[in-house]
Amino acid sequence: MAENLNYGVSGTTAKYGRLYNWSSAKSLCPAGWHLPDTTEWRSLFDAVGGSSVAGAMLKSATDWIGGKTVTDPFGFSVLPAGRFWDHTGLIYEVGRNANFWSSTVYDAYFDEAYYVEFDDYHDGVSLDKKEQNIVWYSVRCVKD
């Protein structure tokens with residue numbers, strides 16, 4: 001998908017699409033689409049030159065507050081939607097950060113799943129893990 005999912009169920013409305021906890025994210029993609037796993041995210045990064053430059057290649061050319069200048073040559077247009085913290089009820093880092101869920105579980109015991117992070121000061125992207133249902137991120141779906 002070339003934009004963040006904005007399906008109006010169990011999500012927090014944000015400026016750049018809704019934010020979802022992992023439980024919701026893994027079931028929201030429409031028929032014929034799915035939440036990407038870490039292998040699919042890494043394949044995308046490799047296709048645009050690697051994770052060290054993927055942020056510069058995939059972020060929208062507008063809406064980021066500071067940091068690097070990007071041109072969005074692939075039209076992926078990552079928008080800085082920020083993140084929602086369930087324990088505070090607030091959305092943080094709008095304009096500075098974008099996070100996307102992966103379908104890959106990191107640790108089932110601790111309810112952790114992988115996510116991808118873009119920020120306004122780095123050309124690269126990072127793949128990290130977070131508790132699935134205390135933080136809410138953006139969703140992009142991949143065609144089956």
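**View 1. One disulfide is present in this structure.** The model shown is predicted. The disulfide links cysteine 29 with cysteine 141, and the sulfur-to-sulfur distance is 2.2 Å. The link is left-handed, with -90° about the S-S bond. Where do the two cysteines lie? Cysteine 29 is in the loop between helix 1 and strand 1 (33-34). Cysteine 141 is in the loop between strand 7 and strand 8 (142-143). The pair therefore ties together parts that are 112 residues apart in sequence. Are cysteine 29 and cysteine 141 buried or exposed? Both are buried.

**View 2. The protein chain has three helices and eight strands.** Read from the N terminus, the order of elements is α-β-α-α-β-β-β-β-β-β-β. The chain has 144 residues, and 46% of them are buried. Its accessible surface is about 7,000 Å². Carbon and sulfur atoms account for 51% of that surface. Now take the contacts between residues at least 6 apart in sequence. Of these, 56% join residues at least 24 apart.

**View 3. The largest nonpolar core holds 14 residues.** Which of its members touch the most others? They are Ala25, Leu35, Trp101 and Val139. Helix 1 (22-25) supplies at least two residues of this core, and strand 5 (112-119) also supplies at least two. Another core lies apart from it and has 13 residues. Trp41, Leu58, Ala98 and Phe100 are among them. In soluble globular proteins, nonpolar side chains tend to be buried together.

**View 4. Strands 4, 5 and 6 form an open sheet in the order 4-5-6.** The pairing is antiparallel. Which strands are at the edges? Strand 4 (97-107) and strand 6 (126-131) are the edge strands, and each pairs on one side only. From one strand to the next, the twist averages 35°. Seven bridges connect strand 4 and strand 5, in the antiparallel sense. Look for asparagine 99: its bridge partner in strand 5 is glutamate 117.

**View 5. Helix 2 crosses strand 4, strand 5 and strand 6.** The helix spans residues 38-47 and lies across these three strands. How does helix 2 run relative to strand 4? The angle between helix 2 and strand 4 is about 135°.

**View 6. An open sheet of three strands has the order 3-2-7.** Here, too, the pairing is antiparallel. Strand 3 (90-92) and strand 7 (135-136) are the edge strands. Each of these two pairs on one side only. How many bridges join strand 2 and strand 3? Strand 2, residues 83-85, pairs with strand 3 over three bridges. Phenylalanine 84 stands opposite isoleucine 91, which belongs to strand 3.

**View 7. Serine 77 and glutamate 93 have positive phi angles.** Serine 77 is not a glycine, yet its phi is about 55°. Where is serine 77 found? It sits in the loop between helix 3 (54-58) and strand 2. Glutamate 93 is not a glycine either, and its phi is about 65°. The place of glutamate 93 is the loop between strand 3 and strand 4. With a relative accessible area of 39%, glutamate 93 is partly exposed. Why does glutamate 93 count as partly exposed? Its 39% falls between the cut-offs, because buried means under 20% and exposed means over 50%.

Definitions and conventions: Residues numbered from 1 in each chain as written. Predicted model: local features only at pLDDT ≥ 70, side-chain atom pairs only at ≥ 80, totals over all residues. Heavy atoms only, no water. Core = buried A, V, L, I, M, F, W, Y, C linked by side-chain atoms within 4.5 Å. Buried < 20%, exposed > 50% of the residue type's maximum accessible area, 1.4 Å probe, protein only. Helix = DSSP H or I, 4+ residues; strand = E, 2+ residues; numbered from the N terminus. Pairing = 2+ DSSP bridges. Axes fitted to C-alpha atoms, helices over the stretch in contact; angles between N-to-C directions. Contact = heavy atoms within 4.5 Å. Areas by Shrake-Rupley, 256 points an atom, 1.4 Å probe, with all protein chains shown as cover. Disulfide = S-S within 2.5 Å.
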